[in-house]
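Here is a set of questions and answers for a reader who is new to this structure. Each answer sets a value beside the definition that it is judged by.

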2 protein chains.
Amino acid sequence: MCDQCDYGTLLRSVGLSDTPRRELVLGTIGNHQGVLRPSEILEKVRRRISINRVTLYRILDLLVQKKLVQRLSAGDRTFRYGLAGTSRHPDHAHFHCVHCGLMECLDPASIPLDLRQSQHPQLMKIERMEVRLDGLCQTCRSHPDV
Amino acid sequence: MCDQCDYGTLLRSVGLSDTPRRELVLGTIGNHQGVLRPSEILEKVRRRISINRVTLYRILDLLVQKKLVQRLSAGDRTFRYGLAGTSRHPDHAHFHCVHCGLMECLDPASIPLDLRQSQHPQLMKIERMEVRLDGLCQTCRSHPDV
DNA sequence: GAAGAAATGCAACTCAGTTGCATTTACTTC
DNA sequence: GAAGTAAATGCAACTGAGTTGCATTTCTTC
Ligand SMILES: [Mn+2]
Ligand SMILES: [Mn+2]
Ligand SMILES: [Zn+2]
Ligand SMILES: [Zn+2]
């Protein structure tokens, strides 16, 4: 997503100390195209450093809480994590392949997420919107085995 | 949602026999405003008849598979179930209160879910779209205790 | 009403995530 | 730079929602 980002600085900018594990978790999420499961993040981070499963979950919670990272649901029971929306990286919808579980980002322009919130002069307070398209990815579509 | 529906007929129309448990599960979902967790459905159905937890999950799977019922994710780890969209009951977005877990249906007109699929002449095959707004419901908003 | 099929129940299991507490690492203060 | 404190990490056990395998019950069909 953002190769030139300094993730250490980013961490400190929200009041978190930049430990090796936090920096690697955030970097793994930020440098990946699409969103990731905790198990995938674990695997990637462990190529660089040893990290406990629980530590990863705690770091993910922190990053979400500080709004650096976004927790998304794929319609299954495993959360996905991706960089939170910013002006440079606007919020966007995601596509989820119901066959292989792949979850990828859609072009922010194709489904503008922001304006629609204003169409709801409701009594509740809307904080965020999540849009997910489910279907078959290109691979699973053309390759009906497995 | 649909008080005048005959849920037995609805079950048979998709090739399922209408057993007492299936009819009660479908009726519970269909007559409720908003979407329900399995635990809530279980509680409601058990006021009428005894039913095993596993049986409920199997019935829910069947109803989803036959497209009578829709499985929604609330951003937490528990699925929600509501009637699937039809011409009379069009598909719509849902609001989820991050504080109390309430999940309610939004006016189908406010966020038209259909047309946007056509904006994706992608290589993947889109089967459905899910739109969820997260925030605080009216109660939790005005009542910040608990 | 017997035989076979479908539906339901029950116990054990799985998987993702959480909790409590011990240990290690990073910051302060002297 | 050592001691003391706070924060971060590790480890084991736990939780909650959902699933699986198989036994039992209920519904069909002849
Ligand atoms: Mn994304
Ligand atoms: Mn609904
Ligand atoms: Zn796929
Ligand atoms: Zn609420």
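Q: What makes B:His92, B:His94 and B:Cys105 donors of the manganese ion (ligand 2)?
A: In this predicted model, the manganese ion (ligand 2) is coordinated by the NE2 atoms of B:His92 and B:His94 and by the SG atom of B:Cys105, at 2.1 to 2.3 Å. Donors are N, O and S atoms within 2.8 Å of the metal, so these atoms meet the definition. Along the chain, the donors of the manganese ion follow the spacing H-x1-H-x10-C, and both B:His92 and B:His94 are buried.

Q: Which residues coordinate the zinc ion (ligand 3), and how are they spaced in sequence?
A: The zinc ion (ligand 3) is held by the SG atoms of A:Cys97, A:Cys100, A:Cys137 and A:Cys140, at 2.2 to 2.3 Å. In sequence, these donor residues are spaced C-x2-C-x36-C-x2-C.

Q: Why is the arrangement around the zinc ion (ligand 3) called tetrahedral?
A: Four donors count as tetrahedral if all angles lie between 85 and 135 degrees. The four donor atoms around the zinc ion subtend angles of 105 to 116 degrees, and therefore the arrangement is tetrahedral. For comparison, the ideal angle for four tetrahedral donors is 109.5 degrees.

Q: Why does A:Cys97 count as buried, and why is A:Cys100 called partly exposed?
A: Buried means under 20% relative accessible area, exposed means over 50%, and partly exposed lies in between. A:Cys97 has 1% relative accessibility, so A:Cys97 counts as buried, whereas A:Cys100 has a relative accessible area of 40% and is therefore partly exposed.

Q: What makes the pair formed by B:Thr19 and DNA strand C a polar contact?
A: An N or O atom in the side chain of B:Thr19 is 2.7 Å from a phosphate oxygen of DNA strand C, and a polar contact is a pair of N or O atoms within 3.5 Å. The pair therefore meets the definition. A polar side-chain atom of B:Arg21 likewise lies 3.3 Å from a phosphate oxygen of DNA strand C, while for B:Arg77 the partner is a sugar or linking oxygen of that strand, at 3.4 Å from an N or O atom of the side chain.

Q: Which residues come nearest to DNA strand C, and which helices supply the surface near this strand?
A: Of the 22 residues around DNA strand C, A:Tyr57, B:Thr19, B:Arg22, B:Thr55 and B:Arg58 come nearest. Helix 4 (53-65) of chain A, together with helix 2 (20-30) and helix 4 (53-65) of chain B, each supply at least two residues of that surface, and its residues divide into seven nonpolar, six polar and nine charged.

Q: Which contacts to phosphate oxygens of DNA strand D involve B:Tyr57, A:Arg21 and A:Ser50?
A: A polar side-chain atom of B:Tyr57 lies 2.6 Å from a phosphate oxygen of DNA strand D, and an N or O atom in the side chain of A:Arg21 is 3.4 Å from one. For A:Ser50, a backbone N or O atom lies 3.5 Å from a phosphate oxygen of the strand.

Q: Where does the largest share of the surface near DNA strand D come from?
A: Helix 4 of chain B gives the largest share, with five residues. By class, the surface near DNA strand D has seven nonpolar, six polar and eight charged residues.

Note on methods: Residues are numbered from 1 along each chain as its sequence is written. Chains are lettered from A and ligands numbered from 1 in the order in which they are written. This is a predicted model: local features need pLDDT of at least 70, side-chain atom pairs count only at pLDDT 80 or more; totals for chains, interfaces and linings use all residues. Side-chain values use heavy atoms; hydrogens and water are left out. A residue is near a molecule or strand if one of its heavy atoms lies within 4 Å of it. A polar contact is a pair of N or O atoms within 3.5 Å; within protein, one must be able to donate a hydrogen and the other to accept it, and residues adjacent in sequence count only if both atoms are side-chain atoms. Helices (H or I, at least four residues) and strands (E, at least two) are DSSP runs, numbered from the N terminus. Ala, Val, Leu, Ile, Met, Phe, Trp, Tyr, Cys and Pro count as nonpolar, Asp, Glu, Lys and Arg as charged, and the others, Gly among them, as polar. Donors are N, O and S atoms within 2.8 Å of the metal (3.2 Å for Na, K and Ca); water is not among the atoms, so sites may look incomplete. Four donors count as tetrahedral if all angles lie between 85 and 135 degrees; four count as square planar and six as octahedral if opposite donors are over 155 degrees apart and all others between 65 and 115; anything else is irregular. Buried means under 20% relative accessible area, exposed over 50%, partly exposed in between (1.4 Å probe, protein chains only).
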